[in-house]
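Dear colleague,

I am handing over the structure below, and I would be glad if you kept it open while reading the notes that come after it.

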Amino acid sequence: MQLYLSLLLMVAIAATHGAPCLTKVSITIDKYNALKFNWSIAHVEKALGGSGTRTSESAQEITIQYDGIATGSYATLTFLNGLLYTKAQIGLC
Ligand SMILES: *[C@@H]1O[C@H](CO)[C@@H](O)[C@H](O)[C@H]1NC(C)=O
C-alpha cells in the first residue's frame, strides 16, 4: 500500500511537471526586440533568463530556439562564431 501510494505520487508529479527542463524559459516580443546583433550566446541567455533549445549546431553556426507563451509561437536565433547574426520570430506576444 505504501509503495503503491508513493508510486502514484511520483506519477502525479511527473504528470504535472513533465520532463525536467529547469532552464527552459519563454521569450516575449519585448525581450525578442531587445536582443541586439552581435550579442554573445551568454549575453542572450542572460537577457532571456535561461537557455533555449539548440536546434542545429555546426562548427561556426549555432541555432537556438526559444518558445513563446502562445501555442506555436517561437523565436529562432542564429549565432555565427558565437555572436547573434540573425533572428526571426513567429507569433510572439
Ligand atoms: C557585428 O559585428 C560585425 C563584425 O565585427 C560588424 O561588421 C557589424 O557591423 C556588427 N553589427 C552590429 C549590428 O553591431
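The notes below cover the sheet, the nonpolar core and two asparagines.

This is a predicted model, in which local features need pLDDT of at least 70 and side-chain atom pairs count only at pLDDT 80 or more, while totals for chains, interfaces and linings use all residues. Residues are numbered from 1 along each chain as its sequence is written, and side-chain values use heavy atoms, with hydrogens and water left out.

An open sheet of 4 strands has the order 1-2-3-4 with antiparallel pairing, where strands are DSSP runs (E, at least two residues; helices are H or I, at least four), numbered from the N terminus, and two strands pair if DSSP finds at least two bridges between them. Its edge strands are strand 1 (53–57) and strand 4. Strand 2 and strand 3 are joined by 7 bridges, and Gln65 has Thr76 in strand 3 as its bridge partner.

The largest nonpolar core (buried Ala, Val, Leu, Ile, Met, Phe, Trp, Tyr and Cys residues joined through side-chain atoms within 4.5 Å) has 16 residues, and among those that touch the most other members are Tyr66, Leu77 and Phe79. Helix 3 (41–48), strand 2 (61–67) and strand 3 (74–80) each give two or more residues to this core.

Asn38, in the loop between helix 2 (29–34) and helix 3, has a positive phi of about 75 degrees although it is not a glycine; Asn38 is exposed, at 54% relative accessible area (buried is under 20%, exposed over 50%, partly exposed in between, with a 1.4 Å probe and protein chains only). Asn81, in the loop between strand 3 and strand 4 (83–90), has a positive phi near 50 degrees and is exposed at 55%.

Best regards
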